[in-house]
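Hi,

Here is the structure I said I would pass on to you. Have a look at it first, and then read on for what turned up.

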Amino acid sequence: MQRPGPFSTLYGRVLAPLPGRAGGAASGGGGNTWGLQGSHVQLQGRAQSGASNSLYPARSTMSKAEEAKKLAGHVAVKNHVKVSSSGREGFVVHARTEKVTKENLKVVCIPSSFQARQLILQYGLTLSDLDRHPQIDLAIDGADEVDADLNLIKGGGGCLTQEKIVAGYASQFIVIADFRKNSKNLGDHWHKGIPLEVIPMAYVPVSRAVTRKFGGEVELRMAVNKAGPVVTDNGNFILDWKFDQVHEWKEVNTAIKMIPGVVDTGLFINMAERVYFGMQDGSVHLRERPC
């Protein structure tokens, strides 16, 4: 039996299938689908494709980037997570605890990192995985940078492969970010490079191959509180490719993934449908992927 529980607004990338869908836990009498279309989702102030909208009035106390991101998360959850009149259960991601407790939401959570898994257990949520729930209805996550075409750089925290797997199996992928992540081109504001997860024995030849094909510099990401490199949850290394020009990112992403030893890249191309940006003045801007 599922039970409601609080959600952390910090760090966790917690994603879940909606009960009643294929692969999800039964809800109510079972067999019903809880979709994201129609009356269940009401996008307030929805923008036209490629445009930006300002949602909700400004809050004068909202000035910090983290507060802006939390506000964006609230708006995304409010617009995309609805409990229908028939009493079916929805799910919430990156939301504050009040959303879950006040509306008595019951969630099934699929973590994309060890840290997220610990948060799920800490707050008494129902932990699952892609083996038991291979179909996910909605994923909401952050990003390190978003360009005008809604291409993303992710992986600053080192969990890019698992995040991409979970987001890739979601029917809808929504991104929340603060105002610093909004760029015309990738690299305008994010200068730490594009993360690449690689098999440890191949990090040197992969580094050479990437710089030879695309220029820039590649650095092995080193750990902060221990000696040696960062090791991912998959037991791999992270390379940070600091590119020196704007590329055709879809082609570059494919080419880098073809290099032997590369597990995946932090380029999320044509995956996000909408991005909610929390702004400095307390408003939230919505941008949708151009058609």
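Below is a tour of the main findings, from the whole chain down to single residues.

Before anything else, please keep in mind that this is a predicted model.

**The chain overall**

You are looking at a chain with 6 helices and 15 strands. It has 291 residues, and 52% of them count as buried. How much of the contact network joins residues at least 24 apart? If you take contacts between residues at least 6 apart in sequence, the share is 72%.

**The largest nonpolar core**

A good place to start is the largest nonpolar core, which has 23 residues. Inside it, the residues with the most contacts are I194, L196, V206, W241 and W249. Two or more residues come from each of β9 (194-198), α5, β11 and α6 (249-257). Which of these elements gives the most? That is α5, with 4 residues.

L196 is worth clicking on. Setting aside neighbours within four places in sequence, L196 is in contact with nine residues if you count them off: L160, V210, F237, I238, L239, W241, I256, D264 and T265.

There is also another core, lying apart from the largest one. This other core has 22 residues, among them F173, F179, F268 and A272.

**Aromatic rings**

The model has 6 aromatic pairs. One of them is Y203 with F237, an edge-to-face pair with 5.7 Å from centre to centre and 65° between the planes. Here the two partners come from distant parts of the chain: Y203 sits in helix α5 (residues 203-214) and F237 in strand β11 (residues 237-242), which puts them 34 residues apart. Are these two partners buried or exposed? Y203 is partly exposed, because its relative accessible area is 29%. F237 has a relative accessibility of 16%, so this residue counts as buried; the cut-off for buried is under 20%.

Another edge-to-face pair is W241 with W249, at 6.3 Å centre to centre and with 70° between the planes. W241 has a relative accessible area of 0%, so it is buried. W249 counts as buried too, at 4% relative accessibility. Both tryptophans belong to one aromatic cluster, made up of F214, W241, F243 and W249. You have met W241 and W249 already, as they are among the residues with the most contacts inside the largest core.

F268, from the other core, has lysines over its face. K154 lies there at 5.5 Å from the ring centre, and K164 lies over the face of F268 at 5.0 Å from the ring centre.

**A pocket**

Next, have a look at the second largest pocket, which holds about 260 Å³ of space. Which residues lie closest to its centre? Of the 15 that line this pocket, they are I110, P111, D129, L130 and Q162. The elements giving two or more residues to the lining are β3 (108-111), α3 (114-122) and α4 (160-168). The largest share, 3 residues, comes from α4.

**Three buried residues to look at**

*G155.* This glycine is in the loop between β7 (152-153) and α4. G155 counts as buried because its relative accessible area is 5%. Neighbours within four places aside, G155 is in contact with D144, L160, E163, P195 and R221. Along the chain, G155 and D240 are 85 residues apart, yet their C-alpha atoms are separated by 9.5 Å.

*G193.* Where does this one sit? G193 is found in the loop between β8 (170-178) and β9. With a relative accessible area of 4%, G193 is buried. Not counting residues up to four places away in sequence, G193 touches I153, W241 and K242. The C-alpha atoms of G193 and L239 are 8.9 Å from each other, with their positions 46 residues apart along the chain.

*N253.* This asparagine is in helix α6. N253 is buried, with a relative accessible area of 10%. Leaving aside neighbours within four places in sequence, N253 is in contact with K164, T265, L267 and I269. K164 is one of the lysines over the face of F268, and T265 is also in contact with L196.

Happy browsing!

Conventions. Residues are numbered from 1 along each chain as its sequence is written. This is a predicted model: local features need pLDDT of at least 70, side-chain atom pairs count only at pLDDT 80 or more; totals for chains, interfaces and linings use all residues. Side-chain values use heavy atoms; hydrogens and water are left out. Rings of Phe, Tyr and Trp (its six-membered ring) pair if their centres lie within 6.5 Å; planes under 30 degrees apart count as stacked, over 60 as edge-to-face and the rest as tilted. Buried means under 20% relative accessible area, exposed over 50%, partly exposed in between (1.4 Å probe, protein chains only). A charge sits over a ring if NZ of Lys or CZ of Arg is within 6 Å of the ring centre and within 35 degrees of the ring normal. A nonpolar core is a set of buried Ala, Val, Leu, Ile, Met, Phe, Trp, Tyr and Cys residues joined through side-chain atoms within 4.5 Å. Contact means heavy atoms within 4.5 Å. On a 1 Å grid over the protein atoms alone, a cavity is a set of points where a 1.4 Å probe fits but cannot get out, and a pocket is an open set with protein on both sides within 12 Å along at least five of seven lines; lining residues have an atom within 4 Å of a point. Grid points are joined across faces, edges and corners, and a volume is the space filled by probe spheres set on the points.
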